[in-house]
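Trainee: Could you take me through one part of this model in detail? I would like to follow a sheet and what packs on it.

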Amino acid sequence: MQYNFDQTRRNEERQMHIFIAIILALLTVMTVITVIIICLPAPPSVPAGAEVTTDPSGDTETQTPSGRFPSVGNFKNASGMTGCEIYSSDAADPMSGINSKNAIVVDMGTGVALYAKGADERVQIASMTKVMTLITALELIETNNDMYRLVKIKTGEGYGHDLNGYQTAFDPDEEVYVIDLLYSLILQSGCDSALALAETFGGSEQAFVAKMNEIATKKMGLTSTKFTNCYGADDGGENYSTVREVGEIFLYALKNELAYKIITTPSDTYKYYGTYRKFMYCQSFVLDGMKKRDTGDVKILGGKSGNDDLAGYCLVSFGETSDGHRYLVCAAGDVKNKNSYEDSANIYKNYIG
């Protein structure tokens, strides 16, 4: 019987083509899997310096994605009011050229108010309240480990989702790290973040607000400030302060290492995770609002804004001149023009820079 070499060769070539196709298909699948793995968030692990506790079964209670958070550092270093008092100056100017009903300009090196307009009049402070919420949360947080606790965002009346205010766009029942709540509280003025922090560390919003008032009066020595909630609703005018005392609260916050880091964080440099998303970038309302405005020789470093119908528009912020001097500006009560960013920029340019 004659052996068919041509047929054998064709069979061998066909088998080789099939083999090569299989190899290429496997390589394609492996490439796709590799790309998916690279795009996924890093697996949970504890950042350097963070404390970890375990339950009797050995499971880690508190973990966080590695390398994602800035160093927490010493978050309890806001010591007293030394360097936070704002003093009057005989040379204070009425500041007639601004729209805000109340304003103050403070030399942060001396604590002296260089210019003032109704600085000690009672004003509604809207979301500038959240600076005190940040301070109080940091006072109640006991260890670095607490920063990496997961907190469930609640729903229903009074939990930010049906408030006439800003929310961080967390989903109902989403679990969020405490450190992320602190950042979104200030950068995005999250009412949902404020309420979640209050309930987590105060037991209830009412108890947390009581602590806010205790710190304000007993630790800071403020006499014209009262909080009725943790997120800045005017509550018929009962949630109030003065631009001088808001300035003192803000200076107190800046003395805290983590609070300073949060307040001065630019947009799109801090991203937070939740159980329902890969990540989202935090937007700094203040730095975004001020970066396109003419502030003269002053670079804006951070702040906290607010607005509602009764308070109008308000903003507390600080900046630095080219020669390294720092100044605080607090403006409130801009009901007519509704533009605290423009008003504050004019103050920085015309009264400082």
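Mentor: Happy to, and let's start with one pair of strands. In this predicted model, β3 and β4 pair in the antiparallel sense, with five bridges between them. Within that pairing, Ile 104 stands opposite Ala 116 of β4.

These two strands belong to an open sheet of five strands, ordered β4-β3-β13-β12-β11 and paired antiparallel. β4 and β11 are the edge strands, each pairing on one side only. On average, neighbouring strands of this sheet are turned by 10 degrees against each other, ignoring direction.

Now for the helices. Helix α6, residues 243-254, lies across β3, β4, β11, β12 and β13, and runs at about 135 degrees to β13. α9 also packs on the sheet, where it touches β3, β4, β11, β12 and β13. The direction of α9 makes about 140 degrees with that of β13.

Helix α9 rewards a closer look. It has 13 residues (340-352), so at 1.5 Å a residue it should span 18 Å; the C-alpha atoms at its ends are 17 Å apart, which agrees. Its buried residues are Ser 340, Tyr 341, Asp 343, Ser 344, Ala 345, Ile 347, Tyr 348 and Tyr 351. Besides strands such as β3 (102-107) and β13 (326-334), the buried residues of α9 pack against helix α8 (285-290).

Back to α6, which also takes part in a salt bridge. The side chains of Arg 244 and Asp 120 meet there, at 2.6 Å from N to O. Asp 120 sits in the loop between β4 and β5 (123-124) and Arg 244 in helix α6, so the pair ties together parts that are 124 residues apart in sequence. The two partners sit in contrasting surroundings: Asp 120 is exposed, with a relative accessible area of 51%, while Arg 244 is buried, with 11%. The structure holds nine salt bridges. Another of them joins Lys 291 and Asp 288, whose closest N and O atoms are 3.6 Å apart. Here Lys 291 counts as exposed at 59% relative accessibility, and Asp 288 is partly exposed at 25%.

One last residue is worth your time. Asn 239 lies in the loop between α5 (205-219) and β8 (240-241). Its relative accessibility is 1%, so Asn 239 counts as buried. The side chain of Asn 239 makes a polar contact of 3.0 Å with that of Thr 129. Leaving aside residues up to four places away in sequence, Asn 239 touches a set of residues including Val 123, Gln 124, Lys 226 and Phe 227.

Definitions and conventions. Residues are numbered from 1 along each chain as its sequence is written. This is a predicted model: local features need pLDDT of at least 70, side-chain atom pairs count only at pLDDT 80 or more; totals for chains, interfaces and linings use all residues. Side-chain values use heavy atoms; hydrogens and water are left out. Helices (H or I, at least four residues) and strands (E, at least two) are DSSP runs, numbered from the N terminus. Buried means under 20% relative accessible area, exposed over 50%, partly exposed in between (1.4 Å probe, protein chains only). A polar contact is a pair of N or O atoms within 3.5 Å; within protein, one must be able to donate a hydrogen and the other to accept it, and residues adjacent in sequence count only if both atoms are side-chain atoms. Contact means heavy atoms within 4.5 Å. The expected span of a helix is 1.5 Å times one less than its number of residues. Two strands pair if DSSP finds at least two bridges between them. Axes are lines fitted to C-alpha atoms, for helices over the stretch in contact, and angles run from 0 to 180 degrees between N-to-C directions. A salt bridge is a side-chain nitrogen of Lys or Arg within 4 Å of a carboxyl oxygen of Asp or Glu.
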